[in-house]
Amino acid sequence: MAELLHQAGSLALRMQVTPAVRVVEVVGALEELSGLAQAELHDNPSLWWRLVHPEDRLAYAQALAAEEARTLVVRWQRRRGPMVWTEHVVKPWRDEYGHAVGFSAVIRDVSMRVDAQRELQLLQH
């Protein structure tokens with residue numbers, strides 16, 4: 001599965017947010033999408049939040065607080081290189097009592113799609 005995600009330029013992540021923030025698992029193209037090595041993210045999980053563009057953080061937080069899986073498109077500020085548009089399918093991870101303790105996410109680069117949609121809008125106006 002990891003190789004398939006990597007070849008598709010996607011990644012899957014599971015992150016715990018309570019009682020402490022930690023990366024449980026990450027597979028796929030993390031470094032290509034974010035500029036972060038897996039060891040960096042494991043050592044400093046708060047780097048995840050810093051990837052999300054400040055203007056997109058509220059929408060991301062709302063997706064994390066949702067009862068069910070949500071799909072959203074957010075900008076990532078990569079460590080190196082240009083910003084990238086990413087689609088995230090985010091699903092809350094709950095304990096046996098129903099309390100949110102983390103999330104799972106599948107992320108892929110959708111920059112070409114967003115750019116094409118913008119160009120189409122410009123042509124239509």
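## Strand pairing

Two strands pair if DSSP finds at least two bridges between them. In this predicted model, β1 and β5 meet that test with seven bridges and run antiparallel. One of the contacts along this pairing is a bridge between alanine 12 and valine 106 of β5.

Strand β5 also pairs with β4. Nine bridges join β4 and β5, again in the antiparallel sense. Arginine 94 stands opposite alanine 100 of β5. Five residues lie between the strands of this hairpin, and glycine 98 there has a positive phi near 90 degrees.

## Overall fold

The protein chain holds six helices and five strands. In sequence order the pattern is α-β-β-α-α-α-α-β-β-β-α. The radius of gyration is 15 Å, and the globule rule gives 14 Å for 125 residues, so the protein chain is as compact as a globular protein of that length. The C-alpha trace spans about 50 × 30 × 25 Å along its principal axes.

Of the 125 residues, 36% are buried. Among contacts with a separation of 6 or more, 41% join residues 24 or more positions apart. The protein chain exposes about 7700 Å², and carbon and sulfur atoms supply 54% of that area.

## Nonpolar core

In soluble globular proteins, nonpolar side chains tend to be buried together. Here, the largest nonpolar core has 23 residues. Leu11, Leu13, Leu41, Trp48, Tyr60, Trp76 and Phe103 have the most contacts inside this core. Strands β1 (10-16), β2 (22-28), β3 (70-76), β4 (84-94) and β5 (100-109) each give two or more residues to the core. Helices α2 (30-34), α4 (47-51) and α5 (57-65) do so as well.

What does leucine 41 contact, leaving aside its neighbours within four places in sequence? The partners are Leu13, Val23, Leu30, Leu36, Leu47 and Trp48. Two of these, Leu13 and Trp48, are also among the residues with the most contacts inside the core.

## Aromatic cluster

A search of the whole structure finds three aromatic pairs. One of them joins tryptophan 48 and tryptophan 76. Their ring centres are 5.2 Å apart and their planes stand at 90 degrees, so this pair is edge-to-face. Tryptophan 48 lies in helix α4 and tryptophan 76 in strand β3, so the pair ties together parts that are 28 residues apart in sequence. Tryptophan 48 is buried at 2% relative accessibility. Tryptophan 76 is buried at 0%.

Tryptophan 48 also pairs with phenylalanine 103. This pair is tilted, with 6.4 Å centre to centre and 45 degrees between the planes. Phenylalanine 103 lies in strand β5 and tryptophan 48 in helix α4, so this pair ties together parts that are 55 residues apart in sequence. Phenylalanine 103 is buried at 3% relative accessibility. Trp48, Trp76 and Phe103 form one aromatic cluster.

## Serine 111

Serine 111 belongs to helix α6, which covers residues 111-124. Is serine 111 buried or exposed? The cut-off for buried is under 20% relative accessible area. Serine 111 has 14% relative accessibility, so this residue counts as buried. Leaving aside neighbours within four places in sequence, serine 111 is in contact with Val84 and Trp85.

Definitions and conventions:
Residues are numbered from 1 along each chain as its sequence is written. This is a predicted model: local features need pLDDT of at least 70, side-chain atom pairs count only at pLDDT 80 or more; totals for chains, interfaces and linings use all residues. Side-chain values use heavy atoms; hydrogens and water are left out. A nonpolar core is a set of buried Ala, Val, Leu, Ile, Met, Phe, Trp, Tyr and Cys residues joined through side-chain atoms within 4.5 Å. Buried means under 20% relative accessible area, exposed over 50%, partly exposed in between (1.4 Å probe, protein chains only). Helices (H or I, at least four residues) and strands (E, at least two) are DSSP runs, numbered from the N terminus. Contact means heavy atoms within 4.5 Å. The radius of gyration is taken over C-alpha atoms; the globule rule is 2.2 Å times the number of residues to the power 0.38. Accessible areas come from the Shrake-Rupley method with a 1.4 Å probe; for residues, only the protein chains shown count as cover. Rings of Phe, Tyr and Trp (its six-membered ring) pair if their centres lie within 6.5 Å; planes under 30 degrees apart count as stacked, over 60 as edge-to-face and the rest as tilted.
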